[in-house]
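Good morning, everyone, and thank you for making time for this short talk. Please bring the structure up on your screens, and we will walk through it together.

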Amino acid sequence: MISLRVWRYAVSIACSVLALGVSAQPPGPPRPGPPPTPRAAAQVDLTGNWVAQITEDWRWRMITPPKGDYASVPLNPAGRQVADGWDPAADAAAGEACRAFGAGGIMRLPTRLKIAWADDSTLRMETDAGTQVRTFHFGRAGAADGAPSWQGYSVAEWLGIPPQGNPFGALVAPSQEASAARGAAGAPAGRAAPAAPPPTRGSLKVVTTNLRPGYLRKNGVPYGDRAVVTEYYDRFSMFGNDYLQVETVVTDPTYLTTPFVVSNQFKREPDASKWNPSPCSTDAPLGTFHPPAF
Amino acid sequence: MRHEHSVTRYCGLLCFAAVWSAFAATAVAQNEVAGDWDQAGGGIFGFQEEFIDRGGGPDLGDYAGLPINDALRYKASLYSPSWLTVPEHQCLPHPGTYAYRSPGGLSIVKEYDPATQRLVAYRFYGSYGLARTVWMDGRPHPPANARHTYEGFSTGRWEGNRLAIETTHLKAGFLRRNGIAHSDRARMLEYWVRHDDYLTLVTAVDDPLYLDEPFVRSTDFRVDPRPNTRLAEFGGFANGGDGEGFGASDVFYKCVPTEEIAIERGRVPSFMPGANENIDMFSKRHNIPLDAALGGSATLYPEYAGRLKPGSAAPAADRSAARPPLPADVPAATSLHVAGQVWLLTIGGHNVAVQVGNEGVLVVNPGPEEIADAVSAEVAKLAPGKRIRIIVDTDDDIAHIGGNAKLASGTTPREQRAAVFAHENASLRIAQAGLSDRHSPTDTFFRGTRELYFNDEPIEIIHVPAATTDGDVLVYFRKSDVIVTGSVLEDLTYPIIQTAEGGSLNGTLEALNHILDLTIAEYRAQGGTMVIPNRGRIYDEGDVAEYRDMLTIIRDRVQDAIGKGSTLAQIQGERLARDYDGRYAAATGPASANEFIATVYRGSSAK
């Protein structure tokens, strides 16, 4: 019969071995070469042609809503004052016609997207609405200097796929896990790694700063130059269609009381045949404003 | 001894540290969805998208951006909010396709198998909605003829960093609270994905009857760090309530239909075609072209914005053609437990109800003769060694009584012939049809109800006069709380009303309302009394009400058209029931769109 003392020793030794093993475990399979590029380590393939589906907030997105209609946007008094003073003609005259097409609002507009890799660590997104270009930089936080712009400076990172169940598995970094899945990291030099389908089960996080003041909605609902736009990009396949989902969180100490959180979906298109670039412009409001009553 | 303790303590700490560090590493990319969640904007009505739609409610005629087809546009345009005053609808919950658009927070709880510690399910609790279970244990979805619920039947799996869920077996329910509703043929796919402290739900609802393409939308939540989150809602302490139970349940979960306004039994409020003066409510309020306000796939996409520019031509009516309805998936042979002692056998598309108990087996509508052997085989599986002692025919339809002879005879000479019950009128027609005596009922009745007590259960055989024929009966198993309707209630088609055999439109409606008098919903307009229709899936009160509504609304429209002087041909040409044809019209025969309208026309004219 095993005594309590022996049992305690056994448990202690087992714990020690386990703990040391975990601590000493290298982060993933041995990798002879440099870490994979962001493009190679992609958790989700976002490239391609996408078109916005305006199934929500249609009245605020498909048309220019009336002045003063900022329902559900958490504006502070300063924000409301700016929104109430919106003058699209003055914007245009001042060269500010693209205020509604900045990073804080453009993903809400009826637009098409073209997403492609500019290089191994830069993802480029074009919109045909307003003919804007957004550039997502991987691994270059802190480079947000220079003049503020409509699209600001965007830093991107992959959000990995934590393993399910086994906490020890989390010591494998997401990028390494993706590389391992692709077979690239462990492939001997000179031999082509087996092709793997583009992954679709992770997310892209993009944080954008250094923005010019812009609009969350076309009718002058503002965000300021200190706004930070955090976005999460995902891809989903549902009923045979491929969707790009973007969750946008805008924080702005100038005009918002709390973060403004919205999400938008885009449907994949087979090609760019419907691409229709247009300059920044804001139509006259179509609707009339009625304050919400409840 | 002290040394041993120190070693043990040291190793334990080391072990803990290693495990903790591992968990800490995962937290960087946390994707678990379980926990308490608040609206993204915080607070009960913290919506930052679809504020009006999700809050006070949308205007009538606000369908912009919805990929609806003409059938649903027509249906929604005739929707009256007074429909919610009908007793069977007063406690309707938000269906699973809409539940998370509601105000308040959301709690997601993981449930483990206590023996294996494997994840069995996620349970979702949200305000207004029902507690919903998403099965994670790999179980299959039920067969097509199983009952539907407002939350549907959901199974989930992890796909990378997101929880993917498929939901089937949905009841018809709102997609938007102004009459835009999906049918019970809808399916939903959804993804829950967590990013940092935000949780996003993306849903796609596909409905071959009412949508031209899947309807995709998303809902955002943020971590709610408060303890007792649900108590903070509505009736909770924070809002002046007593704080008992789930906060939201105090106000919205306990629901009993009441008579707040006088509404006559069987009345179903609905606008008649052309009579909804508020269909342009949204269009007028916001100065949006009516054609745009009435939605359709085209209104989702950027091209449509160009049509809305001031001074541009009115948007063209760009309505894509409705997709052809999918045929109902009728399994070859299934046995489903309905409730108590009652089972549903579905063989070759025929519903055969079976009560099994100590005394033996009771069969309602054995089906046509060609399935009798299959019925016997299924009964033998359900009740080994027991014989069929009672058969009830709900009418004289050969598709119901064809198996009488075989099933009543038993398989050995010693077995006594089963008693066969039917209404006298049905029995007379069976005799007139020249069928052999072995098909004929042995026990008939003239008065309203025949009572039986079998298998320790009271059973009522209830005559419903002048329904689809003059000999229809319902069979009500009182202890099992199951009603077998026979031809009065069809799931797959419009009712087939045999006016030559004494059937009538209003009698069929009266029979349906009588079923609704008998049924009692368990909770939020569903569950409780189960109902087995002539064909198709298991119903409950909510489903019967949906069918009754359909028949009532079509009758009212036809009567309205007759009152305006329309002929049958004109009414058929107007396709007054086009919002229901996709669901209930047969390709040919008396349940086809035109034939059914003709039946309703004759029934309405004869009133």
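With which side chain does the side chain of B:Arg132 make a polar contact of 2.3 Å? The partner is the side chain of B:Glu190, where a polar contact is a pair of N or O atoms within 3.5 Å, and within protein one must be able to donate a hydrogen and the other to accept it, while residues adjacent in sequence count only if both atoms are side-chain atoms.

Before going further, I should say that this is a predicted model, in which local features need pLDDT of at least 70 and side-chain atom pairs count only at pLDDT 80 or more, whereas totals for chains, interfaces and linings use all residues. Residues are numbered from 1 along each chain as its sequence is written, chains are lettered from A and ligands numbered from 1 in the order in which they are written, and side-chain values use heavy atoms, with hydrogens and water left out.

Let me stay with B:Arg132, which lies in strand 4 of chain B, residues 132-135; helices (H or I, at least four residues) and strands (E, at least two) are DSSP runs numbered from the N terminus. B:Arg132 is buried, with a relative accessible area of 1%, and buried here means under 20% relative accessible area, with exposed being over 50% and partly exposed in between, for a 1.4 Å probe and protein chains only. A further polar contact, of 3.1 Å, joins the side chain of B:Arg132 to that of B:Ser154. Leaving out residues up to four places away in sequence, B:Arg132 touches a set of residues that includes B:Tyr100, B:Tyr122, B:Phe124 and B:Met188, a contact meaning heavy atoms within 4.5 Å.

Strand 4 also belongs to something wider, since 9 strands of chain B close into a barrel in the order 1-2-3-4-5-6-9-10-11, with mixed pairing; two strands pair if DSSP finds at least two bridges between them. From one strand to the next, the twist averages 30°, with axes being lines fitted to C-alpha atoms, for helices over the stretch in contact, and angles running from 0 to 180 degrees between N-to-C directions. As an example of the pairing, strand 10 (residues 198-206) and strand 11 (residues 215-223) of chain B run antiparallel and are joined by 8 bridges, and B:Thr200 stands opposite B:Asp220 in that strand 11.

Chain B also has an open sheet of 7 strands, in the order 12-13-14-15-16-17-18 and again with mixed pairing. Its edge strands, each pairing on one side only, are strand 12 (333-339) and strand 18 (443-445) of chain B. Within this sheet, strand 16 (residues 388-392) and strand 17 (residues 419-423) of chain B run parallel, joined by 3 bridges, and B:Val392 has B:Phe421 as its bridge partner in strand 17. Helix 11 of chain B (residues 424-432) lies across strand 17 and strand 18 of chain B, at about 105° to strand 17.

Turning to chain A, we find 5 helices and 11 strands, and buried residues make up 50% of its 294 residues. In strand 11 of chain A (residues 260-269), 9 of the 10 residues are buried. That strand pairs in the antiparallel sense with strand 1 of chain A (residues 48-53) over 5 bridges, where A:Ala52 stands opposite A:Phe266. Strand 11 of chain A also pairs, again antiparallel, with strand 10 of chain A (residues 241-251) over 8 bridges.

How many disulfides are there over all chains? The count comes to 1, a disulfide being a pair of cysteine sulfur atoms within 2.5 Å. A:Cys98 and A:Cys280 form it, with their sulfur atoms 1.9 Å apart. A:Cys98 lies in the loop between helix 4 (88-93) and strand 2 (112-119) of chain A, and A:Cys280 in the segment after strand 11 of chain A, so the pair ties together parts that are 182 residues apart in sequence. Both cysteines, A:Cys98 and A:Cys280, are buried.

Finally, a word on confidence: pLDDT is the predictor's confidence in each residue, from 0 to 100, and chain A has a mean of 82, with 71% of its residues reaching 70 or more. Over residues 163-195 of chain A, however, pLDDT stays under 50, and residues 15-28 of chain A likewise stay under 50. Where pLDDT is low, the predicted coordinates should not be read in detail.
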